[in-house]
Amino acid sequence: MTDSADLDSRAGLPGELRFLLEQHPRGTWETHDNLGGLMQFWLSRHDGFRTLGETLSQALESFREGEIAAERFGGFLAPRLQHFLGELHHHHMIEDHHYFPVFMAAETRLVRGFEILEGDHELIHERIGTVVSRANDLLGLLSGGDRDRIRRAADLYAEDSGRLISGLMRHLEDEEDLIVPLVLERGETELGVG
């Protein structure tokens, strides 16, 4: 039996946390009167993480397939990965220390959901540390390491990067499913975030 809160095995938030999502399904969000500037910005940040995560994954796959030279890949990966991980860390800090407490106080029936999301943040940040280490190992070999060592380092990086990005994608969707319906229900101003 798997834990319904486990980031790698869950298929969404537990049913008891989806009551507002049932009232405000995704298809209604874009045109809802309470979708204010903050939520639009926040959703666009999530879309940015999705896009950059996919870009990094595609570049890695192209490198592993021999379609991108090592030097070019290293020059592409390093700044984008640093930007991606730095922005993600900053985004989670704001959520953990500002928005989650506000939302938990506003709707106590969702506290367990925010605890799940905070647990996700902890796990994601552990994975960031591993990805940084694996990326540094790979980048250090690109300018002269032998092919077998580079391939092994790329495989290890791919495994850990894939775990980070797939977990992040699950987390982003679940976070939106918890937060956006709450904001649509109450409004940014009433919640004190608009």
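## Buried or exposed: a starting point

A residue counts as buried when its relative accessible area is under 20%, as exposed when that area is over 50%, and as partly exposed in between. With that in hand, take Gly167: its relative accessibility is 1%, so Gly167 counts as buried. Please keep in mind as you read that this is a predicted model.

Gly167 lies in helix α5. Its C-alpha is 8.3 Å from that of Asp120, although Gly167 and Asp120 are 47 residues apart in sequence. Another glycine, Gly162, also lies in helix α5. Here the relative accessible area is 35%, so Gly162 is partly exposed. Between Gly162 and Ala106 there are 35 Å in space, C-alpha to C-alpha, and 56 residues in sequence.

## How α4 meets α5

Let us turn to the helix that packs against α5. Helix α4 covers residues 111-142, and its axis lies 9 Å from the axis of α5, at an angle of about 160°. Angles over 145 degrees count as roughly antiparallel, and α4 and α5 are therefore roughly antiparallel to each other. The crossing of these two helices is left-handed.

What classes of residue make up the contact of α4 with α5? There are 18 nonpolar, six polar and eight charged residues in this contact.

## How α2 meets α3

A second helix pair is worth a look. Helix α2 spans residues 37-64 and helix α3 spans residues 70-106; their axes come within 10 Å and cross at roughly 150°. So α2 and α3, too, are roughly antiparallel to each other. The crossing in which α2 passes α3 is left-handed. Sorted by class, the residues of this contact are 16 nonpolar, five polar and four charged.

## Aromatic rings

Five aromatic pairs are counted in the model. One of them joins Phe49 and Phe84 in an edge-to-face arrangement, with 6.2 Å from centre to centre and 75° between the planes. Because Phe49 lies in helix α2 and Phe84 in helix α3, the pair ties together parts that are 35 residues apart in sequence.

Are these two rings' residues buried or exposed? Phe49 has a relative accessibility of 3% and so counts as buried. Phe84, at 1%, counts as buried as well. Elsewhere, ring pairs link Tyr99, Phe100, Phe103 and Phe114 into a cluster.

## Salt bridges along α5

How many salt bridges does a search of the whole structure find? The search finds 18. Three of the bridges can be followed along helix α5, which covers residues 147-186. Let us take them in sequence order.

Arg151 bridges to Asp148, and their closest N and O atoms are 2.5 Å apart. Both residues lie in helix α5, three residues apart, which is about one turn of the helix. Arg151 has a relative accessibility of 47% and so counts as partly exposed. Asp148 is partly exposed too, with a relative accessible area of 40%.

Next comes the salt bridge of Arg163 with Asp160, where the closest N and O atoms are 2.8 Å apart. These partners are three residues apart in helix α5, so about one helical turn separates Arg163 from Asp160. Arg163 is partly exposed, with a relative accessible area of 33%, whereas Asp160, at 10% relative accessibility, counts as buried.

The third bridge joins Arg170 to Asp174, with 2.7 Å between the closest N and O atoms. Arg170 and Asp174 are four residues apart in helix α5 and so are separated by about one helical turn. Are the two partners buried or exposed? Arg170 counts as buried at 16% relative accessibility, and Asp174 counts as buried at 0%.

## A network of charges

Salt bridges can also join up into a larger set. In this model, a network of salt bridges links six residues: Arg18, Arg26, Asp47, Arg50, Glu176 and Asp177.

Terms used: Residues are numbered from 1 along each chain as its sequence is written. This is a predicted model: local features need pLDDT of at least 70, side-chain atom pairs count only at pLDDT 80 or more; totals for chains, interfaces and linings use all residues. Side-chain values use heavy atoms; hydrogens and water are left out. Axes are lines fitted to C-alpha atoms, for helices over the stretch in contact, and angles run from 0 to 180 degrees between N-to-C directions. Angles under 35 degrees count as roughly parallel, over 145 as roughly antiparallel, 65 to 115 as roughly perpendicular and the rest as oblique. A crossing is left-handed if the near helix is turned anticlockwise from the far one by less than a right angle, and right-handed if clockwise. Ala, Val, Leu, Ile, Met, Phe, Trp, Tyr, Cys and Pro count as nonpolar, Asp, Glu, Lys and Arg as charged, and the others, Gly among them, as polar. Rings of Phe, Tyr and Trp (its six-membered ring) pair if their centres lie within 6.5 Å; planes under 30 degrees apart count as stacked, over 60 as edge-to-face and the rest as tilted. Buried means under 20% relative accessible area, exposed over 50%, partly exposed in between (1.4 Å probe, protein chains only). A salt bridge is a side-chain nitrogen of Lys or Arg within 4 Å of a carboxyl oxygen of Asp or Glu.
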